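User: I would like to learn how to read a model of a protein with DNA. Please take the features one at a time, with the general idea before the case.

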Amino acid sequence: MPELPEVETVVRDLRAEVEGRSVVAVPHAASSVFRYPSPEALAAALPGASFAAVRRSGKYIHCVLARDGAAEVESEALIVHLGMTGHLEVCDAAAPERPHTHLRALLDDGRELRFADARRFGRVMLGDPDALRAARLIPALGVEPLGEEFTVQRLDALLRRTTRTVKAALLDQRGVAGLRRQALTLAAGVVAGSVVEVLRIAIRNRGSTIDDYRDLWDAKGNHQEELRVYGRGGLPCLACGTVLRRTVVAGRATTYCPVCQR
DNA sequence: CACGACACCTGCCGGC
DNA sequence: TGCCGGCAGGTGTCGT
């Protein structure tokens with residue numbers, strides 16, 4: 001399940017591969033992952049556009065497009081959310097199509113940008129991000145946790161005005177975009193510092209491959225090796241040896257040490 | 001506003 | 001060996 005560190009890894013790699021490239025054709029576009037416009041309309045509109053920039057917004061990937069000869073600068077982006085099992089790759093156009101491939105975009109260097117998603121929880125959209133947001137096709141995300149605006153004050157205000165658990169608050173993408181994992185009832189300063197540190201380390205480790213996540217080259221991330229609690233229910237706590245417990249918080253499986261994490 | 005329930009969707013896993 | 005129910009989980013929607 002791609003989280004912010006995994007998405008950031010994909011964005012950085014994608015940026016190096018497609019920035020400056022343009023789309024020549026769309027040999028394949030079909031599936032329910034296309035929320036707007038229809039896959040046919042997207043396939044018709046994408047050719048001729050070039051990738052001006054690749055950015056991350058929460059867990060959304062924005063490929064900002066540019067068009068030659070367009071007098072006025074129009075804001076247009078190919079937006080991708082990986083959902084649970086979404087996967088982007090840039091490969092030779094002759095490479096065999098992996099199962100559940102929903103989009104293939106032929107680039108001007110002979111390669112293809114492809115999107116595959118077995119579970120189809122992912123989304124692909126094309127349009128003005130502001131307009132898509134206004135149309136509620138993409139959500140109005142909260143503070144970017146790796147941005148300057150993610151301050152202790154902002155987080156403190158966010159946590160202070162709610163009775164929800166810290167985990168539930170952090171999971172809500174309208175508050176702080178792109179976060180999950182557990183947190184405890186700690187001072188906002190500690191949480192804020194931890195969030196940023198953990199995200200930076202996870203990105204340095206190219207994300208966590210818990211199940212399906214692979215980068216553009218189909219390689220696994222490395223950060224799963226660093227997780228000390230996640231997925232270790234029933235195993236001893238690495239700090240004190242107590243058996244880690246599993247429970248459900250905010251509708252999500254949550255593992256914790258009953259001694260170290262109270 | 002907070003949160004549970006459900007929908008979407010398919011691979012995987014345990015049980016029979 | 002094989003079928004099958006159950007489960008996971010990001011996000012949106014709807015009901016309480």
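User: Is Cys-63 buried or exposed, and what is its relative accessible area?

Analyst: Bear in mind that this is a predicted model. A residue is called buried when its relative accessible area is under 20%. Cys-63 has a relative accessible area of 3%, so it is buried.

User: How many disulfides are there?

Analyst: The test is a distance: two cysteine sulfur atoms have to lie within 2.5 Å. By that rule the count is zero. For Cys-63, the nearest cysteine sulfur is that of Cys-91, 15 Å away. For Cys-237, the nearest cysteine sulfur belongs to Cys-257 and is 3.8 Å away, and Cys-237 is in no disulfide. Cys-237 counts as buried as well, at 11% relative accessibility.

User: Which residues of helix α4 are buried?

Analyst: The general idea is one of periodicity. An α-helix has 3.6 residues a turn, so residues three or four places apart point the same way. Helix α4 covers residues 152–160, and its buried residues are Leu-155, Leu-158 and Leu-159. These three lie on the same side of α4 because they cover an arc of only 90 degrees around the axis. Gln-153 and Arg-160, on the other side of α4, are exposed.

User: What covers the buried residues of α4?

Analyst: A buried face can be read through its contacts. Here the cover includes α5 (166–171) and α6 (188–204).

User: In which strand is Leu-113 found, and which residues does it touch?

Analyst: Leu-113 is in strand β8, which runs over residues 111–117. For a residue like this, read accessibility and contacts together. At 3% relative accessibility, Leu-113 counts as buried. Leaving out residues up to four places away in sequence, Leu-113 touches ten residues' worth of neighbours by name: Leu-14, Phe-51, Leu-78, Leu-88, Glu-89, Val-90, Leu-103, Arg-104, Ala-105 and Leu-107.User: Which residues surround DNA strand B?

Analyst: Start with the list of neighbours, then divide it by class. DNA strand B is surrounded by Ser-32, His-100, Ala-118, Arg-119, Arg-120, Phe-121, Arg-161, Thr-162 and Arg-164. By class, this surface has two nonpolar, three polar and four charged residues.

User: What share of the atoms of DNA strand B within 4 Å of the protein belongs to sugar or phosphate?

Analyst: That share separates backbone from base. For DNA strand B, 65% of these atoms belong to sugar or phosphate, and the rest to bases. Individual atom pairs add detail. The side chain of His-100 has an N or O atom 2.9 Å from a phosphate oxygen of DNA strand B, and a polar side-chain atom of Arg-164 is 3.2 Å from a phosphate oxygen of that strand. With Arg-119, the partner is a base oxygen of DNA strand B, 3.3 Å from a side-chain N or O atom.

User: Which residues come nearest to DNA strand C?

Analyst: The reading is done in the order used for the other strand. There are 16 residues around DNA strand C, and Lys-59, His-81, Met-84, Arg-119 and Arg-252 come nearest. The surface near DNA strand C has seven nonpolar, two polar and seven charged residues. Of the strand's atoms within 4 Å of the protein, 64% belong to sugar or phosphate and the rest to bases.

User: Which part of DNA strand C lies 2.7 Å from the side chain of Arg-119?

Analyst: It is a base nitrogen, at that distance from a side-chain N or O atom of Arg-119. Phosphate oxygens of DNA strand C take part in other pairs: one is 3.2 Å from a polar side-chain atom of Lys-59, and one is 3.3 Å from a polar side-chain atom of Glu-3.

Notes. Residues numbered from 1 in each chain as written. Chains lettered and ligands numbered in written order. Predicted model: local features only at pLDDT ≥ 70, side-chain atom pairs only at ≥ 80, totals over all residues. Heavy atoms only, no water. Near = heavy atom within 4 Å. Polar contact = N/O pair within 3.5 Å; in protein donor to acceptor, adjacent residues only side chain to side chain. Nonpolar A, V, L, I, M, F, W, Y, C, P; charged D, E, K, R; others polar. Buried < 20%, exposed > 50% of the residue type's maximum accessible area, 1.4 Å probe, protein only. Helix = DSSP H or I, 4+ residues; strand = E, 2+ residues; numbered from the N terminus. Arc of directions from axis to C-beta. Contact = heavy atoms within 4.5 Å.
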